[in-house]
Structures are given as structure tokens and as C-alpha cells.
Amino acid sequence: MGMKLVYTGKTKNVFELDNGNYLLKFKDDCTGKDGVFDPGENSIGLTIEGVGDVNLRMTKYYFEKLNAKGIKTHYVKANLDDTTMEVLPAKVFGKGLEVICRLRAVGSFYRRYSDYIKEGAKLPYYVEMTFKDDAKGDPLVIKDGLIDLGIMTSKQYDDIKAETQKITKVVADDMAEKGMELYDIKFEFGYDANGDVMLIDEIASGNMRVYKDGKYIDPMTLSKLFFA
């Protein structure tokens, strides 16, 4: 099958396939600073051998689970031997949008609203969206902004919010079964030729905050515990 490199990303390369689908090649490069892994950083800080493999394994696990539940994703199949995943074509919203679902008040949410909430307080599957823009610090955007800027329709927003809460519950329930607690998770969505919303990118340990016995579990440790 022929393929053509169309995009070189921080943690993945994207190839176009002859059949109209795309191939994501997961890399061992991680975001971070001064050689320390940090999923919130915007630049590549280090290479950890095997991180591409564990990210793909978790992504494959969750996307197959979601597809089986009838939740629309771009996932077609994965090849663990060469760390690749075949996906359906999808358009991103604007220049890229991150969708965060929060179950506890930590991180940037707590920093913003600490006058009104205690750190670590429970949240009811709270969904917020930010533009992917490193230079501007990933600015937060509300529903009206997304509609008025022509980035998505009201229905697409409502669909993304509902799907985010559904998918987050699947991950949170899974973590709970393993004795861990999901605090928050970050997703990306796109849409197909009909404008229907679908989950894209990945679901991996670097995109979520998970705690065990009140202590944060770093992504590499989480991947090991998840597949133990």
C-alpha cells in the first residue's frame, strides 16, 4: 500500500494512504522541558523508548471499546508491530481545538477559579474547550465564541460535549476498576464529510491526570499499571 508523508507532528507522523485513509505513526518523542516529561508542555523535551508503543496500545484499547459502543471515532485498525494506526479522514475544528473533561478541580481550572472552589473538589463531568495555540497559551473559548467565529455549529458543540462526557465515563470507570481515579482528560474531535462529529487523535496516559490513593501517577507509570 502506497503512502505519502503529509505532516510531521510532535509525537506522531501522518501519512496519506492510497485508499483515502490516513496512517498515524506513533513516535517515542515526548513533550517536556529540560529532559523531564510534561504532557502540558508545547515542545519536545525528550525521547522515551517504548512510549509510542504504550500510547498506541492504550489508544487501540479505548478506540475499539468506543467503536463497539457505537461512539463515532476515526479509528480503523492498529498495527502494534510497527506502531501505526489507520484512521478515517477528518477535518479539525478551526486550527485545532482541545476538549477537556474535568472530574476534579486541579491544574489550570483550580488556578482560574480558586476563589470559588477548593482544590481537588469534585466536578460534574465539566467540559471546556481551548484553541490549540502555543503562542497564546491555548486560550479558553466558550460555545458562543465557537459559533460566532464560524468554527462549529450549535449542534456540533452539543454533540462534542455529550460525546466527551460519555467517553470520559468509559475511561473513568476503567480506571476505577484498576483502583485509580481519573481527575481530568483531554480529547480532540474532528468531523467527517457530512459534518458529523468524531473523536480523533489518541487516548493515552499523557492526555489524562490520574491519581491513586490521592497521589498523582505520572504517564509512564500509569501506562505500566494500566497494562499490568
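# A tour from the core outward

Select F189 to start. Setting aside residues up to four places away in sequence, F189 touches V92, F93, V99, I160, E163, T164, I167, V197, M198, L199 and I200. Keep in mind that this model is predicted.

**The main core**

Widen the selection from F189. F189 sits among the residues with the most contacts inside the largest nonpolar core. The others in that group are M129, L146, M175, I203 and M208. The core has 44 residues. Which element gives the most to this core? Helix α4 does, with seven residues.

A second core lies apart from this one. It has six residues, including C30, L46, V51 and V54. Select those four and view them beside the main core.

**Helix α4**

Now select residues 154-177, which make up helix α4. Show the buried positions: Q156, Y157, I160, E163, T164, I167, T168, V170, V171, A172, D174 and M175. Four of these names have come up already. I160, E163, T164 and I167 are in the contact list of F189. M175 is another you have met, as one of the core residues with the most contacts.

Check the helix length in the viewer. At 1.5 Å a residue, the 24 residues of α4 should span 34 Å. The end C-alpha atoms are 35 Å apart, so the span agrees. Step past the end of the helix to G179. This glycine follows α4 and has a positive phi, near 80°.

**Across to helix α1**

Stay on α4 and pick D174. D174 is buried, at 4% relative accessible area. Its partner is K65: the two form a salt bridge, with the closest N and O atoms 2.9 Å apart. K65 lies in helix α1 and D174 in helix α4, so the pair ties together parts that are 109 residues apart in sequence. K65 itself is partly exposed, at 27% relative accessibility.

Follow K65 into α1, residues 51-68. Its buried residues are V51, G52, V54, N55, L56, M58, T59, Y62, F63 and L66. V51 and V54 also belong to the six-residue core.

Repeat the length check here. The 18 residues of α1 should span 26 Å at 1.5 Å a residue; the end C-alpha atoms are 26 Å apart, which agrees. G70 follows α1, and its phi is positive, near 85°.

**More salt bridges**

Side chains of opposite charge can pair when their charged atoms come close. How many salt bridges does the count come to? The count is 21.

Select K4 and E16 next. Their side chains meet in a salt bridge, 3.8 Å from N to O. K4 is in strand β1 (residues 3-8) and E16 is in strand β2 (residues 12-17), with their positions 12 residues apart in sequence. E16 is partly exposed, at 29% relative accessibility.

Move to R209 and D184. These side chains meet at 2.5 Å, N to O. R209 lies in strand β15 (residues 208-212) and D184 in strand β13 (residues 181-191), so the pair ties together parts that are 25 residues apart in sequence. Which partner is buried and which is partly exposed? D184 is buried, at 7% relative accessibility. R209 is partly exposed, at 27%.

Add R102, R112 and E128 to that selection. Together with D184 and R209, they are linked in a network of salt bridges.

**Strand β11 and the loop after it**

Select residues 122-131, strand β11. Stop at Y125 in this strand. Its phi is positive, near 50°, and the residue is not a glycine. Y125 is partly exposed, at 25% relative accessibility.

Move along β11 to T130. T130 is buried, with a relative accessible area of 8%. What does T130 contact, leaving aside neighbours within four places in sequence? The list is G96, L97, E98, I100, D138, P139, L140 and V141.

Finish on D138, one of those contacts. D138 is found in the loop between β11 and β12 (140-141). D138 has a positive phi of about 50°, although it is not a glycine. At 22% relative accessibility, D138 counts as partly exposed. The cut-off for buried is under 20%, so D138 falls outside that class.

Conventions:
Residues are numbered from 1 along each chain as its sequence is written. This is a predicted model: local features need pLDDT of at least 70, side-chain atom pairs count only at pLDDT 80 or more; totals for chains, interfaces and linings use all residues. Side-chain values use heavy atoms; hydrogens and water are left out. Helices (H or I, at least four residues) and strands (E, at least two) are DSSP runs, numbered from the N terminus. Buried means under 20% relative accessible area, exposed over 50%, partly exposed in between (1.4 Å probe, protein chains only). Contact means heavy atoms within 4.5 Å. A salt bridge is a side-chain nitrogen of Lys or Arg within 4 Å of a carboxyl oxygen of Asp or Glu. The expected span of a helix is 1.5 Å times one less than its number of residues. A nonpolar core is a set of buried Ala, Val, Leu, Ile, Met, Phe, Trp, Tyr and Cys residues joined through side-chain atoms within 4.5 Å.
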